[in-house]
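The following exercises ask the reader to work through a structure step by step. Each task is followed by its solution.

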Amino acid sequence: MTPTGFEGYCLASSIAGDGRTPSLYEGNETVNMLAEAFVNEVLREQPAVETRIQMRHPELYAEIDRLKVEGEFRLSIFWPLTLFIALLGWNWSPLALTLLVLPPFLARDGFRRIAESSQKTWGALVAKEVTSPTIDAMDAARQSKTAPFDFLERYPALEPGFEFPDEVAFDSETEDEYAVSENRMRS
């Protein structure tokens with residue numbers, strides 16, 4: 001199953017469409033674990049992202065909320081409707097049991113609407129219309145060129161004395177944290 005929403009946008013295979021197993025840095029397990037932890041942390045912040053959408057883009061939030069509520073409503077009436085149709089078929093006519101094909105379509109539509117609302121939420125994040133608290137904290141850390149005070153608590157893969165490999169070293173010449181220094185390339 002192909003990931004959707006923010007996670008789907010973050011995968012290299014979803015952009016390239018080549019079906020490869022996504023990996024930020026081939027063969028670097030620590031960096032991959034950090035990237036996965038970062039994506040999972042942003043995914044857990046969906047309510048905060050939706051609140052920011054509500055404040056900055058109320059019309060978009062109204063659509064996201066409508067889709068989510070419609071989906072939740074369809075899922076909440078699935079079992080009662082199924083039970084009602086079964087009782088109707090039992091007490092009235094076995095022919096009424098043919099109506100049991102309707103609730104699964106209702107549930108499928110509910111799941112689809114909830115997924116669509118989630119995609120709209122993450123679409124706004126990816127389009128940089130809004131940000132998440134984790135992305136804000138990472139941007140602040142990059143601008144101050146220091147790690148947040150709780151960085152090691154959040155990402156325990158980095159132990160004291162850990163050094164990033166050359167591919168992820170901070171290049172002070174270009175101020176790009178993922179650039180490989182030209183001096184290292186030449187030597």
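Rings of Phe, Tyr and Trp (its six-membered ring) pair if their centres lie within 6.5 Å, and planes over 60 degrees apart count as edge-to-face. The model examined here is predicted.

**Exercise 1. Determine how many aromatic pairs there are, and classify what is found.**

Step 1. Under the rule above, the count comes to one aromatic pair.

Step 2. The ring centres of Phe 78 and Trp 79 are 4.8 Å apart and their planes stand at 75 degrees, so the pair is edge-to-face.

Step 3. The accessibility of each partner is then considered. Phe 78 has a relative accessible area of 17% and is buried, whereas Trp 79, with 62%, is exposed.

**Exercise 2. Establish how the buried residues of helix H6 are arranged around its axis.**

Step 1. Helix H6 covers residues 78-91. At 1.5 Å a residue, its 14 residues should span 20 Å, and the end C-alpha atoms are indeed 20 Å apart, which agrees.

Step 2. The buried residues of H6 are Phe 78, Thr 82, Ile 85 and Gly 89. Viewed down the axis of H6, the buried residues fall within an arc of 65 degrees, so they line one face of the helix.

Step 3. Exposed on the other side of H6 are Trp 79, Leu 83, Phe 84, Trp 90 and Asn 91.

Step 4. Helix H5 (58-76) and helix H7 (102-126) are among the elements that cover the buried residues of H6.

**Exercise 3. Identify which residues make up the largest nonpolar core, and which helix gives the most to it.**

Step 1. The core has eight residues in all: Val 42, Val 49, Ile 53, Ile 64, Trp 122, Ala 124, Leu 125 and Val 130.

Step 2. At least two residues of this core come from each of helix H4 (46-56) and H7. H7 gives the most, with three residues.

Step 3. One core member may be followed further. Leaving aside residues up to four places away in sequence, Val 49 touches Thr 121, Trp 122, Leu 125, Val 130, Thr 131 and Ser 132.

Step 4. A general remark applies here: in soluble globular proteins, nonpolar side chains tend to be buried together.

**Exercise 4. State how many salt bridges the whole structure holds, and describe three of them.**

Step 1. A search of the whole structure finds eight salt bridges.

Step 2. Lys 68 forms a salt bridge with Glu 50, their closest N and O atoms being 2.7 Å apart. The pair links distant parts of the chain, since Lys 68 lies in helix H5 and Glu 50 in helix H4, 18 residues apart. Glu 50 is buried, at a relative accessible area of 8%.

Step 3. Arg 52 forms a salt bridge with Asp 136, with 2.6 Å between the closest N and O atoms. Arg 52 lies in helix H4 and Asp 136 in helix H8 (residues 133-144), so the pair ties together parts that are 84 residues apart in sequence. Arg 52 counts as buried at 18% relative accessibility, while Asp 136 counts as partly exposed at 30%.

Step 4. Arg 112 forms a salt bridge with Asp 109, the closest N and O atoms again lying 2.7 Å apart. Both residues belong to helix H7, three residues apart, or about one turn of the helix. Arg 112 is partly exposed at 46% relative accessibility, and Asp 109 is buried at 14%. Through salt bridges that share partners, Arg 66, Glu 70, Arg 74, Asp 109, Arg 112 and Arg 113 are joined into one network.

Technical notes: Residues numbered from 1 in each chain as written. Predicted model: local features only at pLDDT ≥ 70, side-chain atom pairs only at ≥ 80, totals over all residues. Heavy atoms only, no water. Helix = DSSP H or I, 4+ residues; strand = E, 2+ residues; numbered from the N terminus. Expected span 1.5 Å × (residues − 1). Buried < 20%, exposed > 50% of the residue type's maximum accessible area, 1.4 Å probe, protein only. Arc of directions from axis to C-beta. Contact = heavy atoms within 4.5 Å. Phe/Tyr/Trp six-rings, centres within 6.5 Å; stacked < 30°, edge-to-face > 60°. Core = buried A, V, L, I, M, F, W, Y, C linked by side-chain atoms within 4.5 Å. Salt bridge = Lys/Arg side-chain N within 4 Å of Asp/Glu carboxyl O.
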